[in-house]
Amino acid sequence: MSDPTRPKGPKIIAVANQKGGVGKTTTAINLAAALVEEGRKVLIVDIDPQGNASTGLGIEAERRTRTTYDLLLEEAPLNEIVLETSIDGLLIAPGTTDLSSADIEMVSNEKRSFLLHDALRQPAIDAFGLDFVLIDCPPSLNLLTVNAMVAAHSVLVPLQSEFFALEGLSQLMLTIRELRQTANPALRIEGVVLTMTDRRNNLSQQVENDARAYLGELVFQTVIPRNVRVSEAPSYAMPVLDYDPMSKGAQAYRALAREMLGSKPAMTA
Ligand SMILES: Nc1ncnc2c1ncn2[C@@H]1O[C@H](COP(=O)(O)OP(=O)(O)OP(=O)(O)O)[C@@H](O)[C@H]1O
Ligand SMILES: [Mg+2]
């Protein structure tokens, strides 16, 4: 069911946190797979020069002839770069190492913050019949991430249950607030999802308690536990939902998708 308050077209969600290794890519891939299981059609847009989302879904470097780099430099439209994955209903706009120089090349363009926004609103996108677009951001608040947040309706923030987890969050929230005052007034926070939790570990539990105390309703009830099957899945080019469907990680991402679809209102910060 689509959200009647949202404009026509897919709901675009930026998966962002400038801290590295917190579970952005893992969340993009597995939340996408879980949404597909719920009957939705999903496009992952990989704008990380590391290209982990593309690799994790089995898109070898040889197949990445046209990528989000071409999209951001206005050298190819979205429909020319989108590839199918082995999962029916899950598409990907692949990333490439070239993206590491894209932000410098984009700076001279006066539309530099709107390049992804415009690319994702080309009429040709309608033909894909998408319900969701998940943008996998790099671990930085650079122009690539700004493009994602300007293109998006909302930001989904994976937060790793570790010491210092909350420290970077204020900078991220500040960026979101600034973008609301400028390029994207309607930008919302989809939610903060705790990743790699271990409820037997006091520190992990403390981070969860603190996050819920500071961020309240912004934090998804669903948490993603640390689960080795989740980390193994990308080397088999599969979401954990297919690699080990009954694993704790797979079940958690299914629960996250259901919580998100359960129309918990996306809140402002
Ligand atoms: N729930 C989990 N259980 C176990 N390992 C996990 C889990 N989530 C992520 N990982 C592992 O943690 C590492 C970092 O995850 P991931 O690549 O998703 O983070 P990221 O935020 O995208 O990183 P980067 O900032 O480099 O893009 C990966 O090796 C991944 O397999
Ligand atoms: Mg990543």
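Q: What classes make up the shell around ligand 1?
A: The shell holds six nonpolar, eight polar and four charged residues, where Ala, Val, Leu, Ile, Met, Phe, Trp, Tyr, Cys and Pro count as nonpolar, Asp, Glu, Lys and Arg as charged, and the others, Gly among them, as polar. This is a predicted model, in which local features need pLDDT of at least 70 and side-chain atom pairs pLDDT 80 or more, while totals for chains, interfaces and linings use all residues. Residues are numbered from 1 along each chain as its sequence is written, chains are lettered from A and ligands numbered from 1 in the order written, and side-chain values use heavy atoms, without hydrogens and water.

Q: What makes the pair between Thr25 and ligand 1 a polar contact?
A: A polar contact is a pair of N or O atoms within 3.5 Å; within protein, one must be able to donate a hydrogen and the other to accept it, and residues adjacent in sequence count only if both atoms are side-chain atoms. A polar side-chain atom of Thr25 lies 2.8 Å from a ligand 1 oxygen, so the pair qualifies.

Q: Why is strand 1 called mostly covered?
A: Buried means under 20% relative accessible area, exposed over 50%, partly exposed in between (1.4 Å probe, protein chains only). Five of the five residues in strand 1 (residues 11–15) are buried, so the label fits. Strands are DSSP runs (E, at least two residues), numbered from the N terminus.

Q: Why do strand 1 and strand 5 count as paired?
A: Pairing needs at least two DSSP bridges. Strand 1 and strand 5 (residues 132–136) share five, in the parallel sense, so they pair.

Notes: Helix = DSSP H or I, 4+ residues; strand = E, 2+ residues; numbered from the N terminus.
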